Protein chains: 2
Amino acid sequence: MATSATARVGSLHPDDWIRAAQARLAGQGVESVRVEVLARDLGVSKGSFYWHFRDRGELLDSLLVRWEDSELDWLNRDDGASAATRWARFLERTASPKRMRMEIALRAWARGDEGVATRVAAIEKRKARLIEDVLRDIGFAETAAESWSEVALLICLGWLDLATRDKQFQFASRSLGDLLSEFILAASGGSSAPNR
Amino acid sequence: MATSATARVGSLHPDDWIRAAQARLAGQGVESVRVEVLARDLGVSKGSFYWHFRDRGELLDSLLVRWEDSELDWLNRDDGASAATRWARFLERTASPKRMRMEIALRAWARGDEGVATRVAAIEKRKARLIEDVLRDIGFAETAAESWSEVALLICLGWLDLATRDKQFQFASRSLGDLLSEFILAASGGSSAPNR
DNA sequence: GGGACTGCATACGGTACCGTATGCATACGC
DNA sequence: GCGTATGCATACGGTACCGTATGCAGTCCC
């Protein structure tokens, strides 16, 4: 990637390419992020692209790094906040239509790229821990919090899949939140922990 | 598609192409089912393909029909069987690694093709109803069975996603079954139904 | 105001597909 | 055993990409 100290007005920044790539990734999957296509989207030729990036792989990597950063950003932001705050933030982030499509695209991508899979899994584990912490904070026992947090994560993943496929599906943030609330309520009253 | 009354020995059947396509679909997604690639897989030229099929679209459609049939087959087979039998069959089918990869590939495909999405959703709804019926059979109230069956389906979908990405993930059929059992136990003891 | 560097445009060769056209050996019907 | 249809091979033109090479107008720097 070119490192220009003096960005001239009217010229493209690598971020422009990354944003365009993110839009395509979220919309139609990795296979659709093609440099010649992005160039058309941005109204320039691909000569521009290869000035900013070494190749398509570098763009995809920058994309992934940017996503990782933005995820870790909000995940770390309110580490000391109340359970309610962290839970609200989590729901807000994972039920946002735009983010949902990105998450789905990343997971599809991960299935064909070991490296991507590892990095997505890391962020995912972080989210599972967030849920686990919240569950503990609201009174779940240690092992129960861990076990049920994993099930909660599965529900979120399933929700992502369904919501990004079914057009009938309503994207109200309340729905996933309600579902999880009901689930957690049931889990708190039922068995202390799934045996695993 | 060509309809040959007399299949000569040593010659390919459309099913051979469909099977090869299924393997690629399950393994690497729709984008990977390419007629020239399949021809190489089968050790013939693509001239053969275009004798059996009109185009790539026809192959993909045949593929989908074949999947629908095989799903409806086992879904309908034991309609009158006991809840335990139907549940066991369901778990056996949805936790099989080979089928899991196919299910995931189909859902990724569905996201880019409205028609596929509709047909996948139909089968999916059928499975949700299977779960719902089982829940009712084991004592859940009407509304509770409906509500919790949807959550159970989300867990299955999340499981599909995770299991097909994470290499650490163990594909023991017991795991999904156990998870769902624990979930159902908790649901039976908790709130009667999520409010929706 | 004359290099030098920047940020792109253009053109090129290469690969991987698609679908069509056509040739051709083999088996089948009779 | 001979025409005919079958099941494929081969060759072709076309599209959509990739990455590289090179040209070139503008801007910066002094």
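Both Trp17(B) and Phe49(B) are buried, and in this predicted model they make a good place to start. Their ring centres sit 5.3 Å apart with the planes at 75°, so this is an edge-to-face pair. Trp17(B) belongs to helix H1 (residues 14-28) of chain B and Phe49(B) to helix H3 (residues 46-52) of chain B, so the pair links parts 32 residues apart in sequence.

Further along chain B there's another such pair, Trp148(B) with Phe183(B), and it is edge-to-face because the planes stand at 75°. Both of these residues are buried too. Here the tie runs between helix H8 (residues 142-165) and helix H9 (residues 173-189) of chain B, so it joins parts 35 residues apart in sequence.

| Pair | Centre distance | Plane angle |
|---|---|---|
| Trp17(B) and Phe49(B) | 5.3 Å | 75° |
| Trp148(B) and Phe183(B) | 5.6 Å | 75° |

Over all chains, the structure has 11 aromatic pairs. In chain A, one aromatic cluster is made up of Trp17(A), Phe49(A), Tyr50(A) and Phe53(A).

Now for chain A as a whole. It has 9 helices and 0 strands. Of its 196 residues, 49% count as buried. Take the chain A contacts between residues at least 6 apart in sequence: 67% of them join residues at least 24 apart. The accessible surface is about 9500 Å², with 51% of that belonging to carbon and sulfur atoms.

How do the two chains relate? A turn of 180° and a shift of 0.0 Å along the axis lay chain B on chain A with an RMSD of 0.0 Å. That's the relation of a two-fold axis. In chain B, the C-alpha nearest the axis is that of Gly158(B), at 2.0 Å. As for the interface, 100% of the interface residues of chain B are also interface residues in chain A, so the copies meet through the same surface.

Conventions. Residues are numbered from 1 along each chain as its sequence is written. Chains are lettered from A and ligands numbered from 1 in the order in which they are written. This is a predicted model: local features need pLDDT of at least 70, side-chain atom pairs count only at pLDDT 80 or more; totals for chains, interfaces and linings use all residues. Side-chain values use heavy atoms; hydrogens and water are left out. Helices (H or I, at least four residues) and strands (E, at least two) are DSSP runs, numbered from the N terminus. Buried means under 20% relative accessible area, exposed over 50%, partly exposed in between (1.4 Å probe, protein chains only). Contact means heavy atoms within 4.5 Å. Accessible areas come from the Shrake-Rupley method with a 1.4 Å probe; for residues, only the protein chains shown count as cover. Copies are superposed by least squares on the C-alpha atoms of residues with pLDDT of at least 70 in both. Rings of Phe, Tyr and Trp (its six-membered ring) pair if their centres lie within 6.5 Å; planes under 30 degrees apart count as stacked, over 60 as edge-to-face and the rest as tilted.
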